[in-house]
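Colleague: Hey, got a minute? I'm new to this one and could use a quick tour.

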There are 2 protein chains.
Amino acid sequence: MPATSAETPPAADLGIDHFWAVVPAGGAGTRLWPLSRSGAPKFLLDLTGQGRTLLQATVDRLTPLVGPRCLVVTGAVHADAVRAQLPEVASEQVVAEPSPRDSMAAIGLAAAMLERVDPEAVMGSFAADHVIGDRAAFAAVVEDAVAAAREGWLVTIGIEPNAPATGFGYIRAEATLPGLTALRVEEFVEKPSREVAETYLATGAYRWNAGMFVVRPGVLLDLLAEGDADFAAALRELAAQPERIEEVWPTLPKIAIDHAVAEPAAAAGRVACVPGGFAWDDVGDFASLGDLLDQLAADGATLRVLGDAASVRTHDASGLVVPAGGRTVAVVGLDDVVVVDTPDALLVTTRNRAQDVKTIVAALKEDGHDAIT
Amino acid sequence: MPATSAETPPAADLGIDHFWAVVPAGGAGTRLWPLSRSGAPKFLLDLTGQGRTLLQATVDRLTPLVGPRCLVVTGAVHADAVRAQLPEVASEQVVAEPSPRDSMAAIGLAAAMLERVDPEAVMGSFAADHVIGDRAAFAAVVEDAVAAAREGWLVTIGIEPNAPATGFGYIRAEATLPGLTALRVEEFVEKPSREVAETYLATGAYRWNAGMFVVRPGVLLDLLAEGDADFAAALRELAAQPERIEEVWPTLPKIAIDHAVAEPAAAAGRVACVPGGFAWDDVGDFASLGDLLDQLAADGATLRVLGDAASVRTHDASGLVVPAGGRTVAVVGLDDVVVVDTPDALLVTTRNRAQDVKTIVAALKEDGHDAIT
């Protein structure tokens, strides 16, 4: 429970009334190795070259909407790094999980804490490692989502797709909800094949599931309780007795919030979707990072450098180069190549094969090379 | 003039009587950047991963043929490194050129020195940065070449081609010389196109020009004098008065021995060729190095590592990786790739584009990045 919030309630004029951000900061980002590591996960990195890490950019984006009302839930091993990157977030608002137990436990614990602190709270959960292009558009969509959440809906933000992406799940929603800028969600669907994704786009009824949920904490926990009463009860006990975390945490189910709550609630007709027209990316791999940097720069260059461009020399080359090893990097005669240079590890691949980077990391881990993973 | 040789004449039973090796050790090997540098030229590197540098392997290969009768001619800036790599070669047998003046000056000075030291000398000049597969076959060919040289011929060793290479010059020679295992050279021809190289191979009369010359020092200098009497005289003066090198050296023509002597002598019917059936490579670029390592290993592997194989991780990759930066190198989904990792510079290219590496080095030099070239 965030002690400062209890002692000095945040000023009501900062952001949307009683609106709290919950930022789950987890996941190593294995497919972004060797930039991301177990000890330096994706959210702690500046992947856009704009001087802020993904975590910092996430909080920057949320602060106008929530003022100081922000909980970051992260692994105990990363809590100090998170606090160091976020001096504006009170130390006790960084909640440390003793071990990774997937998103339901992380977001559910934050919900249980907020339920006690602020009976009128609406919470919005936004991953610490996504990139969003247009903050004003994002803010407007979140305001609409909060309005729907106050009516008791579990609200998700569905990103208007600009391509038949196969790396994201989709949300099907068509019927407008009376009095709200929101649609009723019919179902969440898994990552589709290219062909299926194309049919989704053709209907206009599908949006990308960005994993953003806006909801009243009690609604979320009650929905969870319908499927797993013990889980919801354990989270509420933990919020009342935070000193028991080491004992209770390892007993919680390891399940994603999508499976634990969002999918069954959608089937029951209790999920709303506010469509978001802003650019969004989960920066899942180097191909996605390259696309994102192309969009940010929009200068038509075919060779993108994340870092000191002066240290990169190319001849007939296109793709993405990350010169993070402090050395000269030369690329000759390769298209759509990905070169990621760090002080202790180097990756060379292509945009097309960027997903397969995880096989290297898995092999390194298996061989006990933990120092470089 | 090699003082030790004058004081303690080499024992006659070591190697071929009065046969001297001359090893020009020059050329940076720009197309092997970033492995080779101005300060660490190709001949000082172990490019085969067998624990000896190209220079050391060259001297190892010649020692059974010449005993201690070996002159190495190298740039003054590399003389100390050459001496350190060759403890078995007397310090004064490493001849330092004040500045690079191409192969005629380097080999001609050695000839003029040997002409004074040993009136019966036959010299063989062998570049310090080539790789030869079969030392016994090489030795047998050199013995035949020495026999022809004793008869007054300028003898070159022509490598039997196993492919229509376009990166080497060719030697045309058909008629056998009476009493010798040698052919009369008709002409030296420049690097051909692929189509022309194929017609060369079809005739059976063409061999690769490996730049190996075996000749009596006086014959070489006299052939030079026919085209440029002053040049030959200057070299002979220098051998008599080595203390004048700083004064005389900068006045010598900058010309390759091929143009100054071998081509005109061939036109005059005074060049012989001993065909060599051994594997030979000038390791001109990373494609050539990759081919060479393939031949040396002959294990059918498609991904070749020069260095510590344990530090290289690949997934669906083929080509050449040189992990000389002390880091983990991962390559995913690239065929015929070339990755050369060093502590301060990294190259990523393909076997097909290996020639273009020189454009990067040229650009770096132009921008004043001398430290890494």
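Colleague: How many residues of chain B are in contact with chain A?

Modeller: Keep in mind that this is a predicted model. In it, 34 residues of chain B are in contact with 34 residues of chain A.

Colleague: And what area do chain B and chain A bury between them?

Modeller: About 2,700 Å², with 60% of that on carbon and sulfur atoms. On chain B, Arg313(B), Arg327(B) and Val332(B) together supply 24% of the area buried against chain A, more than any other three residues there.

Colleague: OK, charges next. How many salt bridges are there between chain B and chain A?

Modeller: Six. In one of them, Arg327(B) meets Asp341(A) through their side chains, at 2.7 Å from N to O. There are also 22 residue pairs in polar contact across the interface, both partners being at pLDDT 80 or more.

Colleague: Which elements of chain B supply at least two residues each to the side that touches chain A?

Modeller: That would be β13 (312–315), β15 (328–332), β16 (337–341), β17 (345–350) and α12 (357–366) of chain B. Of these, β17(B) gives the most, with six residues. Sorted by type, the residues on that side of chain B are 17 nonpolar, nine polar and eight charged.

Colleague: Back to β17(B) for a second. Which strand of chain A is joined to it, and do they run parallel or antiparallel?

Modeller: Strand β15 of chain A, residues 328–332, is joined to β17(B) by four bridges, and the two run parallel. Within that pairing, Val329(A) stands opposite Leu346(B).

Colleague: What rotation superposes chain B on chain A?

Modeller: One of 179°, with 0.0 Å of shift along the axis, giving an RMSD of 0.1 Å. The two copies are thus related as by a two-fold rotation axis. In chain B, Val348(B) has the C-alpha nearest that axis, 3.9 Å away.

Colleague: Do the copies meet through the same surface or through different ones?

Modeller: The same surface, because 100% of the interface residues of chain B are interface residues in chain A too.

Colleague: Changing topic: how many salt bridges does the structure hold over all chains?

Modeller: 42 over all chains. One inside chain A pairs Asp291(A) with Arg351(A), whose closest N and O atoms are 3.0 Å apart. Asp291(A) sits in helix α11 (residues 286–297) and Arg351(A) in the loop between β17 and α12 of chain A, so this pair ties together parts 60 residues apart in sequence.

Colleague: Great, thanks!

Definitions and conventions
Residues are numbered from 1 along each chain as its sequence is written. Chains are lettered from A and ligands numbered from 1 in the order in which they are written. This is a predicted model: local features need pLDDT of at least 70, side-chain atom pairs count only at pLDDT 80 or more; totals for chains, interfaces and linings use all residues. Side-chain values use heavy atoms; hydrogens and water are left out. Contact means heavy atoms within 4.5 Å. Buried area is the accessible area (1.4 Å probe) that two parts lose on being put together, summed over both. A salt bridge is a side-chain nitrogen of Lys or Arg within 4 Å of a carboxyl oxygen of Asp or Glu. A polar contact is a pair of N or O atoms within 3.5 Å; within protein, one must be able to donate a hydrogen and the other to accept it, and residues adjacent in sequence count only if both atoms are side-chain atoms. Ala, Val, Leu, Ile, Met, Phe, Trp, Tyr, Cys and Pro count as nonpolar, Asp, Glu, Lys and Arg as charged, and the others, Gly among them, as polar. Two strands pair if DSSP finds at least two bridges between them. Copies are superposed by least squares on the C-alpha atoms of residues with pLDDT of at least 70 in both.
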